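User: I would like to learn how residue environments and pockets are read from a model. Please take me through one example of each.

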Amino acid sequence: MKKKWAAIILTASMLMSTGFGVRAEGQEFDGQIKIGLLTTGTAIATYTETVTYGAELAAQQLNADGGVLGKEVVIVTSDGSNTADETINGANRLLEDKEIAAVCGYPLSTGCLAIESLFKAAEKPLVISGTSVRLKDETDNEYLFRGRASDAIQARNAAAFLAEELGMDEVMGILYENNDFGQGALQVVEEYCEEKGIKLVAEGFNSTDTDITTQVLKLKDSGCQSVVTWIAASAVPTVSSNMYNQGLTVPKCGPVAVTLEENLTNCEPEWIDGWYGVTDICMTKDDEALTAFIDAYYEAFGDDAYLSNEGANIYSHVLWICDAIERAGSTDGPAIKDAMRETDNFPGLNGTYKLIGDMVDYVSTIDIAQDTIVDGEVTNVFIKTVGEEQ
């Protein structure tokens, strides 16, 4: 079975790029299989665009290959905005449709925490894109699956890259936001540095701060050799400009936010040049399946369509759900859940999916990318793939 889905990811992408990834004329399906997609609506429009296209591409390719269980795969979307209340409303709209077999999407951990119990009660599998450690530590839900590396894995590998790959293993700094996202990473980096005998200098700031000169100068004066910058998208211009202007030139490694195109365009190239980031997928790496996916994506939705790692993740999540449906031979929620829990190295674009020691996490690999100025603009350069399993 695994071989079939690896072939879907690679060869069906190639078919799409040549124009054959559409429903064959006269092809008959015996009903539909509905997959729910929870987006952020216009609150985070780029996320909504790329995950919608990623999910639709997966459905198109599956249907070109005969569908799943002889049925047509259909994506049903619902907007969750960027607040917990709206996320709950968006989730409930999907749960009201009893024909929806499973749901994926939504990147904000607070929203994922707000809705996970709804899916447990409804006995519907939910594949989340939130990365907070709280989603593992504070939930007990066999219907909850995470198809991305958690913050614990990402933050540890950011610190390990700086210390072990770049040799900055005596004094490390961390600049983090004073929220669940930043404090979760702080805990992970503290544990890593204690384990490795590295002195850690920690400085926090509030997400509403526009001037963090004091924190940056403290890091600079500490003599730290590198800095883990655990910051959200909105803070990337503030942090990068402050560090540049204060002459903090040591290597820096942040989360996926420092690798995304829409964030980089809000920075002057020199502010962010040379920064490293941990990301689910570096979209510029030389990988046959990823290249085929990218070609198929633009062929299907146009050269101006927005694409990020999040679209590639959701593409993989839809294929994972459908693989489980086919293995279960059913669209019944408990049967799909059981099949998903039995997943053994399903070939996603962002790594192979397999339970890695708890109820929630199935992906442990990440890419290290570096922001680099090319022809006056910043782009990501793939450095290497890291993680517990590769």
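User: Which residues does Asn141 touch, not counting residues up to four places away in sequence?

Analyst: A contact list of this kind is read from heavy atoms within 4.5 Å. In this predicted model, Asn141 touches Glu116, Ser117, Lys120, Arg341 and Met359. Asn141 itself sits in the loop between α5 (134-137) and β5 (144-146).

User: Is Asn141 buried or exposed?

Analyst: The term buried applies under 20% relative accessible area. Asn141 has a value of 2%, and is therefore classed as buried.

User: Which backbone atoms lie close to polar atoms of the Asn141 side chain, at 2.8 Å?

Analyst: Polar contacts are judged on pairs of N or O atoms within 3.5 Å. A polar atom of the Asn141 side chain is 2.8 Å from the backbone oxygen of Glu116. The side chain also reaches the backbone nitrogen of Tyr143, at 2.8 Å.

User: How should the largest pocket be described, and what lines it?

Analyst: One may begin with volume, then turn to the lining. The largest pocket has a volume of about 920 Å³. Its lining comprises 33 residues, with Pro107, Leu108, Phe181, Ala232 and Ala233 nearest the centre. By class, these 33 residues divide into 15 nonpolar, 11 polar and 7 charged. Among the helices that each supply at least two lining residues are α2 (45-64) and α7 (180-196), while α4 gives the most, with 3 residues.

User: Which element gives the most to the lining of the second largest pocket?

Analyst: The second largest pocket, with a volume of about 530 Å³, is lined by 25 residues, and Thr259, Leu260, Glu261, Thr379 and Asn380 are the closest to its centre. β14 gives the most to this lining, with 4 residues.

Conventions: Residues numbered from 1 in each chain as written. Predicted model: local features only at pLDDT ≥ 70, side-chain atom pairs only at ≥ 80, totals over all residues. Heavy atoms only, no water. Buried < 20%, exposed > 50% of the residue type's maximum accessible area, 1.4 Å probe, protein only. Polar contact = N/O pair within 3.5 Å; in protein donor to acceptor, adjacent residues only side chain to side chain. 1 Å grid on protein atoms, 1.4 Å probe; cavity = no way out; pocket = protein on both sides within 12 Å on 5 of 7 lines; lining within 4 Å. Points joined across faces, edges and corners; volume = space filled by probe spheres on them. Nonpolar A, V, L, I, M, F, W, Y, C, P; charged D, E, K, R; others polar.
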